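Please open the model in your viewer and keep the selection tool at hand. The tour goes from one selection to the next and says what is found at each stop.

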Amino acid sequence: MTSSDKPENASDTTATPAEPTGVAARDWATASADPQYRAAVVDLLGALAYGELAAFERLAEDAKLAPTLEDKAELAKMASAEFHHFERLRDRLAEIGEEPTRAMEPFVAAYDGFHKQTAPSDWLEGLVKAYVGDSIASDFYREVAARLDSDSRSLVLAVLDDTGHGGFAVEKVRAAIDADPRVGGRLALWARRLMGEALSQSQRVVADRDALSTMLVGGVADGFDLAEVGKMFSRITEAHTKRMAALGLAA
């Protein structure tokens, strides 16, 4: 779920980030003394770990739809990268004294439900799902990561690293639209559906996990106030629009 490619036409101009404060300025050893914060981070790592495992499985499955051996090999390489990310998260959970399977279990139904509802019918839908759908979740996790302790933040950002799927998906989808412009309308509708499903699933996951929801609204760590929650979703929507444009699709 965590293909993390940035919008192809995003601006390269970025503001100098403010110095971290509060929990974001601490390391894990210090921050995890708060049991509620620890529970929130374990939930976050568990959700990410299962998301990476599910992404590995899905990319391996999507490779069967690939029209050429070259395309099949490219997806296999990306699946391998996702599995490596899963291993890092699994190992980190074990390192901090948490059983990885137990940490992932609360998120299995949500992820599996999302993938069942959004099973691609062909190769192009699979590419759009990996590029657009997974990136929505990655944007959300990046927003949360900015408010984590330094050790957890570094790990989360590392596993959200670009697996190379973005440029590959853009190239293949744009070529398909050039060959048959009617493809664009179908894929645009598909991407809008993915956007709705991804946001709904994320909201359900957060609502079901008290520690995560408390962290998001400021009760643990340096959370978002309600106004910032609105701004966060505006940023995620803007990034989605840019990815759609990169694919040559209307948002």
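Begin by colouring by pLDDT, the predictor's confidence in each residue, from 0 to 100: among the elements of the protein, helix α4 (residues 100-104) has the highest mean, 97, and helix α10 (residues 210-216) the lowest, 72. Helices here are DSSP runs of H or I with at least four residues, numbered from the N terminus. The model is predicted, and for that reason local features need pLDDT of at least 70 and side-chain atom pairs count only at pLDDT 80 or more, while totals for chains, interfaces and linings use all residues. Residues are numbered from 1 along each chain as its sequence is written, and side-chain values use heavy atoms, with hydrogens and water left out.

Next, select helix α8 (residues 165-179), whose 15 residues should span 21 Å at 1.5 Å a residue (the expected span being 1.5 Å times one less than the number of residues), and whose end C-alpha atoms are 21 Å apart, which agrees. Among the buried residues of α8 (under 20% relative accessible area, 1.4 Å probe, protein chains only) are F168, V170 and I177.

Keep F168 selected and add W123: the two form an edge-to-face aromatic pair (ring centres within 6.5 Å, planes over 60 degrees apart; Trp is taken by its six-membered ring), at 6.1 Å centre to centre and 80° between the planes. This pair links distant parts of the chain, with W123 in helix α6 (residues 123-145) and F168 in helix α8, 45 residues apart. Both W123 and F168 are buried.

Finally, select F56, F83 and F86, which form one aromatic cluster.

Note on methods: Helices (H or I, at least four residues) and strands (E, at least two) are DSSP runs, numbered from the N terminus. Buried means under 20% relative accessible area, exposed over 50%, partly exposed in between (1.4 Å probe, protein chains only). Rings of Phe, Tyr and Trp (its six-membered ring) pair if their centres lie within 6.5 Å; planes under 30 degrees apart count as stacked, over 60 as edge-to-face and the rest as tilted.
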